[in-house]
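Open the model in your viewer and set it to a cartoon view. Keep the selection tool at hand.

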Amino acid sequence: MRSERDLTGRARIRDAALELFGAEGINRVSVRAIAARAGVSAALVLHHFGSKEGLRKACDAYVVELVRGGPEADLDDASGLAAMLEAGSAARLYLGRAFLDGTPEAAALFDEIVETTERWLEEGVRAGRVHPSDDPRARAAVYVTWLLAPLTFGEHLSRVLRSGDLPETDQTLRSSRAGIEIFTRGLFADDRVLGAWDAVRKERGSR
C-alpha cells in the first residue's frame, strides 16, 4: 500500500504531466522534462507509472473523471459542466489536446457525452422545452462540439473578446452564454440559409 507521501508525489508528477502534455503535446515531452517540472527524478516517474504511456493513461483517467464530475456523478446533471468550468487551465488544455490527438479515452468520453446529450434534448422535445430536430443525433453531436470548442480555442476566444484580464471561469461563462443565447433565441431571422443548405443537399442526392 502506498503511503500518503507516495500518493502526494504521484499527484505532483501527474499534474506536471498534465501541464506539459497540454501545452506541448505528448510526443514532444520527455519523462525527464516531466520529472524536472515535478521536482523529482525520472526514476520516480517510472516507479509510479511504468512509462510515459502509463503516465498518459493516468492523466486521461484523471481528466475524464473530472469532466464527469467524479466517479459517482451522472452525466445527465450539470456536474460535468461545472467541473469543466472550474477545472484548472492545465486540465482543460490537456483535455483539449486529448480530443485533438484522439486518445481512446477521450473518444469514449466524447461518444458518451453525445449519447447523453441526445437523450437530454429528446426529453426536452417531449417536455416542450426543445424544438424537434430533423436529425437529433447530428444536433447532439454539434451541440457537444460547441460545448467543448473553448478547450481548444480558448486562447483565440480570449484574444478576440479582449477578456485576458478576466478569470478563466468568467471568460468561459461569457462565451458560453453567447452560445446559449443563439440556441435559445435563434440567430437568423428567416430560413434562407437553411433553405440554401437543403438545396445543396438535395442537388447532391440527385446525382
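The tour below goes from the whole chain to single residues, rings and spaces.

**The whole chain**

Start with everything selected. This is a predicted model. Colour by secondary structure: the protein chain shows 10 helices and 0 strands. Read from the N terminus, the elements run α-α-α-α-α-α-α-α-α-α. Now switch on the surface. Its accessible area is about 13,600 Å², and 55% of that belongs to carbon and sulfur atoms. Of the 207 residues, 29% count as buried. Contacts reach along the chain too: among those between residues at least 6 apart in sequence, 56% join residues at least 24 apart.

**Stop 1: an aromatic pair**

How many aromatic pairs does a search of the whole structure find? The count is 6. Select Phe-21 and Tyr-94, which form a tilted pair, with 6.3 Å from centre to centre and 40° between the planes. The pair links distant parts of the chain, with Phe-21 in helix α1 (residues 4-24) and Tyr-94 in helix α6 (residues 89-101), 73 residues apart. Are these two rings buried or exposed? Phe-21 counts as buried because its relative accessibility is 0%. Tyr-94 has 2%, so Tyr-94 counts as buried as well.

**Stop 2: a ring cluster**

Next, select Trp-120, Tyr-143, Trp-146 and Phe-183. Ring pairs link these four residues into a cluster.

**Stop 3: a charge over a ring**

Move to Arg-14 and Tyr-62. The charged end of Arg-14 sits over the ring of Tyr-62, 3.7 Å from the ring centre.

**Stop 4: the second largest cavity**

Cavities come next. The whole structure has 2 cavities of 30 Å³ or more. The second largest has a volume of about 30 Å³. To find its lining, select Asp-60, Val-63, Val-64, Tyr-94, Leu-95, Ala-98, Thr-103, Glu-105 and Ala-106. Which elements give two or more residues to this lining? They are α4 (52-68), α6 and α7. Tyr-94 from the first stop is one of the lining residues.

**Stop 5: the second largest pocket**

Now look at a pocket. The second largest one holds about 160 Å³ of space. Select its lining: Gly-96, Phe-99, Leu-100, Phe-110, Thr-145, Leu-148, Ala-149, Leu-151, Thr-152 and Phe-153. Both α6 and α8 (136-161) supply at least two of the lining residues. Which element gives the largest share? That is α8, with 6 residues.

**Stop 6: His-131**

Select His-131 in the loop between α7 (104-127) and α8. Is His-131 buried or exposed? His-131 counts as exposed, because its relative accessibility is 67%. Show its contacts. Leaving aside neighbours within four places in sequence, His-131 is in contact with Val-125 and Arg-139. Then add Thr-184, which is 53 residues away from His-131 along the chain. The C-alpha atoms of the two are separated by 9.9 Å.

**Stop 7: Ser-175**

Finish at Ser-175, in helix α9 (residues 168-185). Its relative accessibility is 14%, so Ser-175 counts as buried. Which residues does Ser-175 touch, not counting those up to four places away in sequence? Select Leu-157 and Leu-161 to see them.

Note on methods: Residues numbered from 1 in each chain as written. Predicted model: local features only at pLDDT ≥ 70, side-chain atom pairs only at ≥ 80, totals over all residues. Heavy atoms only, no water. Helix = DSSP H or I, 4+ residues; strand = E, 2+ residues; numbered from the N terminus. Buried < 20%, exposed > 50% of the residue type's maximum accessible area, 1.4 Å probe, protein only. Contact = heavy atoms within 4.5 Å. Phe/Tyr/Trp six-rings, centres within 6.5 Å; stacked < 30°, edge-to-face > 60°. Lys NZ or Arg CZ within 6 Å of the ring centre and 35° of its normal. Areas by Shrake-Rupley, 256 points an atom, 1.4 Å probe, with all protein chains shown as cover. 1 Å grid on protein atoms, 1.4 Å probe; cavity = no way out; pocket = protein on both sides within 12 Å on 5 of 7 lines; lining within 4 Å. Points joined across faces, edges and corners; volume = space filled by probe spheres on them.
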